[in-house]
Amino acid sequence: MFADIFVFAAQTPYCNTSWILAVGPNLSEAEQLNLTLPRGPNGSFQTCLMYVPVTWDVESIIQFGLNATQSCQDGWIYPESKNRSLINEFDLVCGKELNMETVQILFLAGLLIGSLIFGFISDKLGRYPSIVLSLLVLIIFGFGTAFVNSVHQYLFFRFGVSQALVGYSISSISLVTEWLVGEHRAHAIILAHCFFSVGVMFLSGLAYSLPHWRLLFLVGGAPVFSIVFYIWILPESPRWLMMKGKVEEAKQVLSYAACINKKTIPFSVLDKLQLSGNKVTNASVLDFFNNRQLRKVTLMMGCVWFTVGYSYFTLNIKMKGFGMNIYSRQVIHGIMEVPTRLWCIFLLELIGRKWSLGVTLFQGFSMSLLILIFPPELTSMTVLMVLVGECSLAASVTVFFIYTAELLPTVLRATGLGLVSLAWLAGAILSLTLINQSLTVLSSVLSCISAILALSLCSLLPETQNQPLSDSLDNYPLRTR
């Protein structure tokens, strides 16, 4: 997911002037550049211009010099680059640059489409098929990225990867929510997000050490195969099976889980499942409009999610503006995110889901507000506040997934997670658009307004800690505390 940061790292190009080697084969690279490239006002070589080739001998070129210039005719060289990246492989320089905002928006568009598609698949076909399909797409498009022959193919494969990532995320969170109870559910999701942060640090190390961007996708994608092997023992959600009337299959997976845990489920308990399984529960995306309470919860969480996405990307772009090394930035960010997310375990147990979300949001928004009023000359303090704000919002993302999955009913849980994810993506895309248009004042005002709205809506939502999950719309709305 974060590989684009590294494969599009800035490169310094110079025109390929190997024509001079025909008359001076013993010239060093430094001598070649000095004789064939014009210099700018600051004395450095110009990156997109070269002297017009001549048929003189080397001695004449050294004595009289060259004056007429033209744009690069035979490609570019990258003598200062140690790694092979997309920039120097496809020569995305000198008017051929690829706008990084376009790449990010395309990736976000893939997340948007994937959240809708896999949310629907997960609720209609089951959590297990959705997870298997997302992993299959991730393997095909993830490894396929390493074999592309053009930048357009690269963007297409990354578009597919983004859909698979959000599909796996939505389906796996739904499965965890429906299998585990209480604090175990929260712990599992928090630990999964911590491993996500560790994965970002691992990716940064790979990108720094591997000499070629294709190797980054091959080696970085290898751990996916370890996940493929475990899908053979991955059970379907018994709650989803019950809602679909598949009572016998639900009994089988529950008995299998009990056997793994060296427990036994009494037959009297299993027989009671038959009573609630006589009727198949049908639900569709239209229920998000027809059911008043479900519509209310979805809109509220969508507003909160929009604010988180908008504020997080705003801070992330601001961090890039400080000129930090991309490898160091990702490692530091990952190191700070892990303890921040682990802190959510204690926060959730102390004050519950609703107020934990409010606390993490308030901390993140407070950092955003302080950055606006803090003197920009104090760069070190500003960088620290941006990092704290990013980590706080990352923690709110973890709490948000736990909270939203518990708020939604089983029959529409994955679809609901996909719908509220649209709001997060809308906030991210709006942030990129405003900052790209240099509308910094409007961006800051919108951030403050949306933060106040998100915190207000958060207080109106029901608490879900120690409350039973809703499986169908029949026992909706949830009880509040």
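## Burial and the overall picture

A residue is called buried here when its relative accessible area is under 20%, exposed when that area is over 50%, and partly exposed in between. By this rule Y154 is buried, because its relative accessible area is 0%. The structure is a predicted model, and what follows should be read with that in mind.

The protein has 481 residues, of which 50% are buried. Its secondary structure comes to 19 helices and four strands, and its C-alpha atoms fill a box of roughly 100 × 50 × 40 Å when the box is taken along the principal axes. Among the contacts in the protein with a separation of 6 or more, 75% are between residues 24 or more positions apart.

## The nonpolar cores

In soluble globular proteins, nonpolar side chains tend to be buried together. In this model the largest nonpolar core holds 71 residues, and the members that touch the most other members are L108, M301, W305, L357 and W424. Helix α17, which covers residues 379-407, gives the most to this core, with 14 residues.

L357 offers a view of the surroundings of one such member: leaving out residues up to four places away in sequence, L357 touches M301, V304, S396, V399, F400, Y403 and C458. There is also a second, separate core of 41 residues, which includes V7, C15, M50 and L92.

## Aromatic pairs and a charge over a ring

A search of the whole structure finds 17 aromatic pairs. One of them joins Y154 and F217, whose ring centres are 6.0 Å apart with 70° between the planes, an edge-to-face arrangement. Y154 lies in helix α7 (residues 151-179) whereas F217 lies in helix α9 (residues 213-221), so this pair ties together parts that are 63 residues apart in sequence. F217, like its partner, is buried: its relative accessible area is 7%, while that of Y154 is 0%.

The rings of F306 and Y310 are stacked, because their planes meet at 15° and their centres are 6.2 Å apart. Both residues belong to helix α15 (residues 292-320), where they are four residues apart, about one turn of the helix. Which of these two residues is buried and which is partly exposed? F306 is partly exposed, with a relative accessible area of 22%, whereas Y310 is buried, with a value of 0%. Elsewhere, ring pairs link W305, Y312, F313, F400, F401 and W424 into a cluster, and the charged end of R39 sits over the ring of F45, at 4.1 Å from the centre of that ring.

## A buried threonine in helix α16

T340 is found in helix α16, which runs over residues 326-373. With a relative accessible area of 19%, T340 counts as buried, because the cut-off for that class is under 20%. When its neighbours within four places in sequence are left aside, T340 is in contact with C391, S392 and A395.

## Cavities

How many cavities of 30 Å³ or more does the count give? The count comes to two, and the largest cavity has a volume of about 70 Å³.

The lining of the largest cavity is made by F2, Y312, N316, M319, K320, R329, Q330, H333, L387 and E390. Helices α15, α16 and α17 each supply at least two residues of this lining, and α15 gives the most, with four residues. Two names recur from earlier sections: Y312 lines the largest cavity and also belongs to the cluster linked by ring pairs, while α17, which contributes to the lining, gives the most residues to the largest nonpolar core.

## Positive phi angles outside glycine

D91, which is not a glycine, has a positive phi near 50°, and D91 is found in the loop between α4 (86-89) and α5 (100-125).

N466 likewise has a positive phi, of about 60°, although N466 is not a glycine. N466 is found in the segment after α19 (440-458). Is N466 buried or exposed? With a relative accessible area of 64%, N466 is exposed, because the cut-off for that class is over 50%.

How values were computed. Residues are numbered from 1 along each chain as its sequence is written. This is a predicted model: local features need pLDDT of at least 70, side-chain atom pairs count only at pLDDT 80 or more; totals for chains, interfaces and linings use all residues. Side-chain values use heavy atoms; hydrogens and water are left out. A nonpolar core is a set of buried Ala, Val, Leu, Ile, Met, Phe, Trp, Tyr and Cys residues joined through side-chain atoms within 4.5 Å. Buried means under 20% relative accessible area, exposed over 50%, partly exposed in between (1.4 Å probe, protein chains only). Contact means heavy atoms within 4.5 Å. Rings of Phe, Tyr and Trp (its six-membered ring) pair if their centres lie within 6.5 Å; planes under 30 degrees apart count as stacked, over 60 as edge-to-face and the rest as tilted. A charge sits over a ring if NZ of Lys or CZ of Arg is within 6 Å of the ring centre and within 35 degrees of the ring normal. On a 1 Å grid over the protein atoms alone, a cavity is a set of points where a 1.4 Å probe fits but cannot get out, and a pocket is an open set with protein on both sides within 12 Å along at least five of seven lines; lining residues have an atom within 4 Å of a point. Grid points are joined across faces, edges and corners, and a volume is the space filled by probe spheres set on the points.
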